[in-house]
Amino acid sequence: MPYISPPGKAEAELVGAELPNYSSDQTVGQSKGFSHIPPPAPAEGARPNYQVPCLQLWLILPSAMAFSELMDRVGSNGPFQFLNLVLLGLPILNLANHNLLQIFTATTPAHHCHPPPNASEGLWVLPKDQNGKPEMCLRFIHLPNASLPNDTQGATEPCLDGWVYDLSTTSSIVTEWDLVCSSNKLKEVAQSLFMAGTLIGGIVLGDLSDRFGRKPVLTCSYLLLAASGSSAAFSPSLSVYMVFRFLCGWSISGIVLSTAILNVECVSIQTRAIMSTLMGYFYTAGQFLLPGLAYAIPQWRWLQLTVSIPFFAFFLLSWWIPESIRWMVVSGKFSKALKILRRVATLNGKKEEGEKLRMEELKFSMQKEISLAKAKYSVADLFRTPNLRRVTFCLSLAWFSTGLAYYSLAMGVEEFGVNLYFLQLIFGGVDIPAKFIAVLSINHLGRHITQSCALLLAGGSILALIFVPSDLPTLRTALAVFGKGCLSSSFSCLFLYTSELYPTVIRQTGMGISNLWTRVGSMAAPLVKITADFQPFIPNILFGTITLLGGSATLFLPETLNRPLPETIEDIETWSWQTKKPKQEPEAKEASQRIPLHPCGPGPDPC
């Protein structure tokens, strides 16, 4: 539907217009507000037509306002954006507790075989391993006795009567369900199922968010995480616990994806990187909270419940989080979008500007996106066009390598032989300077240079671990902390970079696929570590090489610094790679913005 200017505008132009000069030698007469289309010349010998030539009235439209300019009118860096950041950031503050929860709820304390019933009153002796330490998974078949033959005294067997744990520090799912010795892999299975939930949730919820909106998915994800996390605390068995942890991972994907989109769509182009980094600092602060909570609450069930209950409050607070204005406009919800824009203007002290906004102006500012909104987009559309296909492949490799390397370091803190709580604080603390340096680089050097450097440095630090001997734990820990900081910078940049590269109509789906590859990487990390059984340096070679490949792939992506967000798939083909368009002549450009007001002349056909 063409845009018609407000009443009085067209009349003002027409009243002051001069009548065109209908000279015989003039082919086309033009004046302000009018375009004269002369009648066709009479055929030879035919009687000339002396009918007064008709006038075709045109309304010359101004160029369409970009959506970012529309947001600037109502305020794109005001109290509304700050309030939105707080409402979205508080759940992220507690999200780190769930992602890294099994570091503390699945710790394996010192343990040994429970004595057999006939040895309850006698002296219980434990067999020793090659290093002289007590065996944790074996016991003597017979108690050492001088009357027994020598070949019988050393005979051992698995722990047939359970285990005895050192519960002086903490209890965990390991002690609850005896996940030690031959059952120790079940602990990793529980973490893998959690990651599988985030993987599948990223696929399903990303598509649902593009169809039904960001806010409904976000609100339902808060409620699902609160319910499933609390239920996991009361799990009667390991299988039930795994099901609830899977649902926790599912809901976390919906929270992460919707938060990343809602955080950057309502701010100016210049502050996108800052807002994205501030959101990342909420996650960093959560990493500081987790060791304190785990130290204060040593019982794993109470710890699980403590980190889950706050999401019931976040579910209620989510009603004050507005829906994405871009999504509402593209989806045809103009009245609701206009209402939110006016609310933004009021909170930012620009109420008069908000009252001036009209629905027609909102429609005209995004007329191209609205015309394409009826098309249905799916994951297949991410590979439909050449440039979008390149974006998807390069981002997928970057997300996969970041997730693979990050979770191999973050979930392997027990391997460094340092105090678990202290090392977790260091791993969380390195994010503060890492993300600060990242935001400076993002704003000055650009997105794809920052992203590439972060992954290349991380890959180099992981490969360097191969040449550092195990008797230098301090140096190895320093390299791991540096690599983890680079990977944190990579995550900060990737969330912003991905949201800027994918167009609005399929942005959430693209974020979902990116999240999928991160979870595939996090699930593959434990499998890669198994290769250490063949050679101890193989895992670091794989981690480092794949990370270097991810950093190299981002060099083939376009720069998005100070660029408006793409709205449609066609924008990626023309805007992202700066495809040169033929220059439009001024007269042709003006003609393309003319809309006929009404047909002239009698009869059904316009002149």
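Asn94 is tucked away: its relative accessible area is 10%, so Asn94 counts as buried. Buried here means under 20% relative accessible area, exposed means over 50%, and partly exposed is in between, using a 1.4 Å probe and protein chains only. You'll find Asn94 in helix H3, residues 79–99. Helices are DSSP runs of H or I with at least four residues, numbered from the N terminus.

A quick word on where this comes from: the model is predicted, so local features need pLDDT of at least 70 and side-chain atom pairs count only at pLDDT 80 or more, while totals for chains, interfaces and linings use all residues. Residues are numbered from 1 along each chain as its sequence is written, and side-chain values use heavy atoms, with hydrogens and water left out.

What does the side chain of Asn94 reach? One partner is the backbone oxygen of Val307, at 2.8 Å. Another is the side chain of Asn97, joined to that of Asn94 by a polar contact of 2.3 Å. A polar contact is a pair of N or O atoms within 3.5 Å; within protein, one must be able to donate a hydrogen and the other to accept it, and residues adjacent in sequence count only if both atoms are side-chain atoms.

Now for the charges. Side chains of opposite charge can pair when their charged atoms come close. How many salt bridges does the structure hold? There are three, a salt bridge being a side-chain nitrogen of Lys or Arg within 4 Å of a carboxyl oxygen of Asp or Glu.

| Positive partner | Negative partner | N to O distance |
|---|---|---|
| Arg301 | Glu176 | 3.0 Å |
| Arg384 | Asp381 | 3.0 Å |
| Arg447 | Glu500 | 2.9 Å |

Take Arg447 and Glu500: Arg447 is in helix H21 (residues 447–464) and Glu500 in helix H22 (residues 473–501), so this pair ties together parts that are 53 residues apart in sequence. Both Arg447 and Glu500 are buried.

Arg301 and Glu176 form a salt bridge too. Arg301 sits in helix H11 (residues 300–308) and Glu176 in helix H6 (residues 173–177), so their pair links parts 125 residues apart in sequence. Arg301 is partly exposed at 25% relative accessibility, and Glu176 is partly exposed at 39%.

In the remaining pair, Arg384 is partly exposed at 44%, whereas Asp381 is buried at 11%.

Finally, look at Lys336 in helix H14, residues 334–347. With 51% relative accessibility, Lys336 counts as exposed. Lys336 gathers with Lys333, Lys339 and Arg343 in a patch of positive charge on the surface. Such patches are made of residues with over 30% relative accessible area and no salt bridge, like charges being joined within 9 Å.

Methods. Patches are made of residues with over 30% relative accessible area and no salt bridge: like charges are joined within 9 Å, nonpolar side chains (Val, Leu, Ile, Met, Phe, Trp, Tyr) within 5 Å. Accessible areas come from the Shrake-Rupley method with a 1.4 Å probe; for residues, only the protein chains shown count as cover. Lys and Arg count as positive and Asp and Glu as negative; His and the chain ends are not counted. The place of a charge is taken as NZ of Lys, CZ of Arg, CG of Asp or CD of Glu. Helices (H or I, at least four residues) and strands (E, at least two) are DSSP runs, numbered from the N terminus.
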